There are 2 protein chains.
Amino acid sequence: MQLWDGHSSWPSSSRRPIGTLAIGDRRTLLGLVVNPDIWFGEAYTAGRLQVQGNLERVLEAVYRLSTPIPSWRERLRAQLAPANTRSSARHNVHRHYDLGNDFYRLWLDEEMVYTCAYFPGPASSLDDAQRYKHDQVCRKLRLRPGESVLEAGSGWGALALHMARQHGVSVTAYNVSHEQVVYARERAAREGLTDRVTFIEDDYRSARGHFDAFVSVGMLEHVGRRRLHELGDVLRRTLRRDGGRGLLHFIGRDAPRPLNAWIRRRIFPGAYPPTLAEVTAHILTPSGMSVLDVENLRLHYAHTLSHWSRRFEAVSDQVRTAYGERFRRAWELYLAGSEASFATGWLQLFQVVFAPAESAPPFWTRAELYTKGPGPPP
Amino acid sequence: MQLWDGHSSWPSSSRRPIGTLAIGDRRTLLGLVVNPDIWFGEAYTAGRLQVQGNLERVLEAVYRLSTPIPSWRERLRAQLAPANTRSSARHNVHRHYDLGNDFYRLWLDEEMVYTCAYFPGPASSLDDAQRYKHDQVCRKLRLRPGESVLEAGSGWGALALHMARQHGVSVTAYNVSHEQVVYARERAAREGLTDRVTFIEDDYRSARGHFDAFVSVGMLEHVGRRRLHELGDVLRRTLRRDGGRGLLHFIGRDAPRPLNAWIRRRIFPGAYPPTLAEVTAHILTPSGMSVLDVENLRLHYAHTLSHWSRRFEAVSDQVRTAYGERFRRAWELYLAGSEASFATGWLQLFQVVFAPAESAPPFWTRAELYTKGPGPPP
């Protein structure tokens with residue numbers, strides 16, 4: 001750690017230092033002591049805190065020094081997290097996802113997928129890993145041609161289109177981000193899939209009808225702790241009791257604690273990563289669902305974020321020119337900090353498959369998720 | 001339904017009846033109205049209630065008529081379930097497992113495995129399915145030669161011996177059933193594995209030392225709701241923080257509710273099948289563990305129980321001669337009722353893989369659980 005006046009302190013351990021934290025002024029140092037969660041992000045963004053060395057590895061080291069068991073203060077804050085109404089949900093989503101498709105196109109994969117990928121091997125490409133993730137989601141759901149699927153939170157539409165194209169299902173997809181829905185509808189038209197995929201610009205809680213399958217990838221984090229039961233209501237109302245099944249893919253925690261305060265302020269307002277116990281007790285059990293399968297993909301998210309960071313760095317000049325240096329530094333920190341969180345186990349990524357308790361599970365063993373080749377051709 | 005005086009009632013639906021419940025006297029009919037959970041079992045055992053047709057299918061139909069969502073009364077009873085102290089745990093286990101090795105040998109598989117099997121396909125034999133289960137448990141734990149494993153509740157020793165023989169690990173196995181430990185030690189000696197497998201006749205809560213892996217198959221059901229945290233204490237104390245991992249295989253529930261009252265009275269005193277939320281919130285989260293993988297094997301348990309019922313029926317004359325007709329009928333009902341519970345989703349069978357939050361998960365994808373051949377040769 002290096003201070004503005006030249007003073008520096010090194011860890012006493014004999015290990016080789018990972019990097020240097022250069023603190024630019026006394027106010028920043030005080031802020032880091034009093035409220036490190038907010039100040040680290042704010043000072044880094046403003047350039048009053050500089051990191052020499054690998055940012056992600058420095059953040060990992062910081063996380064590893066901290067305890068993964070939350071304090072009572074954090075648990076209380078998690079309990080008190082505000083509930084996301086429909087209008088606050090729309091506002092929160094707008095803040096993040098309507099930054100502009102052009103921004104995300106700069107550094108996401110070709111299909112514009114902004115959720116954890118599933119890498120068949122550590123050396124797979126990001127494009128392959130996103131496709132493999134979509135295919136695994138469909139396999140875990142055992143989608144059959146002609147079935148109907150409800151999707152809650154559909155991003156730029158890649159999964160909905162994949163399901164319709166590769167598995168022959170019809171998809172009704174809800175999303176409150178206007179920019180994303182416009183983009184997804186254009187893609188559906190271009191691919192000739194408008195008869196099978198309907199993108200609806202509305203809150204998923206408006207969904208009506210009956211569906212064979214439910215899927216939500218990367219939306220549950222935005223529901224908020226006190227609104228989890230509303231997803232249960234949707235499941236109970238819309239999922240077929242005989243033979244229905246669903247999949248939730250979400251950023252989660254081992255123990256209840258709020259998301260990092262700076263991330264909530266600057267990047268994801270209203271976000272809360274729930275625990276597996278919260279998801280089963282508040283969503284699945286009240287709606288009469290049995291958990292069939294859970295897979296923790298946290299290392300895959302660390303790997304995904306590492307890909308995104310490299311791609312983001314490669315376009316840093318363009319980002320700086322279009323959005324400014326503070327914005328660029330905030331996103332650089334957010335991507336590196338998220339990677340460190342998943343690498344150290346501060347955050348988890350759960351894929352949960354479930355079905356109404358009275359439905360027979362859709363698979364006998366999980367072997368066919370892996371032993372058969374990739375999904376059927378279009 | 002047919003009464004002692006010749007009166008009978010048929011369901012009004014046009015479906016073909018599955019079987020006949022013949023009620024022998026007025027007292028039994030009243031008991032079934034007032035307290036069906038206890039009276040069904042007691043009357044069936046005493047022969048005052050007869051079932052014509054397939055017992056398991058009749059019980060399934062009864063379960064399907066009931067709601068899988070527990071009443072507040074049941075939830076309260078689940079909350080008030082007594083805590084199992086060491087002495088009550090020993091007593092409860094003695095009641096069930098020390099019935100005599102000869103009894104279980106009559107109808108279990110050749111390895112004497114009394115937990116849910118994992119059938120690679122529905123047509124696999126019970127022996128193959130128990131071996132496959134043991135192999136899958138070892139694969140999910142990624143056991144490597146030379147590692148140390150703590151087993152809580154080791155039955156007649158089949159899994160401990162399998163791990164040592166097939167995967168080259170050393171096993172310390174706790175079991176409070178005297179008859180089972182004697183049998184398991186004899187097997188270890190016969191197979192020349194006494195240097196690698198130690199069977200300890202003691203409560204698993206006495207375990208000391210540090211281990212690479214923890215495994216418990218079919219023991220958690222006997223811990224009782226209010227003692228779940230003690231398993232967390234054992235995990236925190238004994239599992240290596242860097243690279244340790246564990247597996248819990250247990251009968252569970254979607255929602256908290258007590259086990260059927262008759263089963264608790266006559267078959268499994270002190271038993272409580274926990275929910276996934278209870279296991280994560282009371283055992284894994286407080287001990288700093290991350291859930292890595294969950295698989296629900298309830299159809300495999302229905303299938304296992306169907307095998308056991310057929311084998312039990314094949315030796316019914318021997319059972320009647322040695323233990324009496326009431327005992328035989330009680331076990332017949334218990335096996336059929338359990339099969340119906342798993343078939344209808346009243347009971348679940350969860351296999352949960354976990355690791356200390358700071359450990360890297362032991363696998364990248366689950367593909368190698370399925371794509372590589374069976375375990376390494378001895």
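This report looks at the domains of chain A and at the contact between chains A and B in a predicted model.

## Domains of chain A

Let's start inside a single chain. The domain assignment splits chain A into domain 1, covering 1–53, and domain 2, covering 77–371. If you take the C-alpha centres of domain 1 and domain 2 of chain A, they are 34 Å apart.

The two domains of chain A do touch: domain 1 of chain A brings 9 residues to the contact, and domain 2 of chain A brings 9 residues as well. On the domain 1 side of chain A, the residues that touch domain 2 of chain A comprise 4 nonpolar, 3 polar and 2 charged.

## Where chain B meets chain A

Now for the contact between the chains. Here 34 residues of chain A are in contact with 34 residues of chain B. On the chain B side, at least two residues each come from α12 (276–284), β8 (289–296) and α16 (368–371) of chain B. The largest share belongs to β8(B), with 7 residues.

As for chemical character, the side of chain B that touches chain A is made up of 18 nonpolar, 11 polar and 5 charged residues.

## Strand pairing across the chains

Strand β8 is also worth a look for its backbone pairing. Which way do β8 of chain A and β8(B) run relative to each other, parallel or antiparallel? The two strands run antiparallel, and 3 bridges join β8 (residues 289–296) of chain A to β8(B).

A handy residue to pick out in your viewer is Val294(A), whose bridge partner in β8(B) is Val294(B).

Definitions and conventions:
Residues numbered from 1 in each chain as written. Chains lettered and ligands numbered in written order. Predicted model: local features only at pLDDT ≥ 70, side-chain atom pairs only at ≥ 80, totals over all residues. Domains from an automatic or database assignment. Contact = placed C-beta atoms within 7 Å. Nonpolar A, V, L, I, M, F, W, Y, C, P; charged D, E, K, R; others polar. Helix = DSSP H or I, 4+ residues; strand = E, 2+ residues; numbered from the N terminus. Pairing = 2+ DSSP bridges.
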